[in-house]
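Work through the exercises below with the sequence and the coordinates open. Each task is followed by its solution.

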Amino acid sequence: MNMIYKKKTDKTFEEALESLKLNLSEVAFGVLWQLDFKDKLREKGLVFDDHFMILEVCNPIKAQHVLTEQIEMGFFLPCKVAVYESHGETFIGMPKPTALMATAMEGNTALQAMAEEVELILKQAIDRAI
């Protein structure tokens with residue numbers, strides 16, 4: 001099973017990042033936190049030339065449903081979406097919630113349905129952002 005969903009964009013890193021944030025907000029996913037690996041590694045005295053930004057995103061209603069259904073699913077929250085550069089190209093991607101949670105939610109159809117719904121929403125936001 002492919003665990004990653006990613007799309008190449010012709011936008012610059014900055015344009016892709018702003019477009020993603022806008023599209024996430026339009027589907028009720030807020031950015032809780034973001035990590036800029038390029039800056040963080042530079043702070044530690046290391047060189048990393050490409051941009052790689054991780055956004056931790058959440059829809060509070062969906063998170064509440066998941067946590068109510070099975071509290072340990074909180075290990076997989078919030079969802080991560082990344083905007084990054086590789087070999088001069090810009091990408092937006094994420095680990096698929098259905099793949100991440102597959103073993104932990106084995107047999108729980110309510111959680112499976114929620115993971116599929118969240119994955120679809122995030123894929124659509126990524127697709128619109130590119």
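**Exercise 1: surroundings of one leucine**

Find the residues in contact with Leu122 (heavy atoms within 4.5 Å), leaving aside neighbours within four places in sequence.

Solution. Leu122 is in contact with Leu24, Phe29, Val57, Cys79 and Met94. The model is predicted, so local features need pLDDT of at least 70 and side-chain atom pairs count only at pLDDT 80 or more, while totals for chains, interfaces and linings use all residues. Residues are numbered from 1 along each chain as its sequence is written, and side-chain values use heavy atoms, with hydrogens and water left out.

Next, place the residue: Leu122 is in helix 5 (helices are DSSP runs of H or I, at least four residues, and strands are E runs of at least two, numbered from the N terminus). Its relative accessibility is 1%, so Leu122 counts as buried (under 20% relative accessible area, with a 1.4 Å probe and protein chains only). Leu122 and Leu24 lie 98 residues apart in sequence, yet 7.4 Å apart in space, C-alpha to C-alpha.

**Exercise 2: the core**

Which elements give two or more residues to the largest nonpolar core?

Solution. The core (buried Ala, Val, Leu, Ile, Met, Phe, Trp, Tyr and Cys joined through side-chain atoms within 4.5 Å) has 29 residues, and Leu122 is among those with the most contacts inside it. The contributing elements are helix 1 (13–26), strand 3 (52–58), strand 4 (79–86), strand 5 (89–95) and helix 5 (109–129). Helix 5 gives the most, with 9 residues.

Terms used:
Buried < 20%, exposed > 50% of the residue type's maximum accessible area, 1.4 Å probe, protein only.
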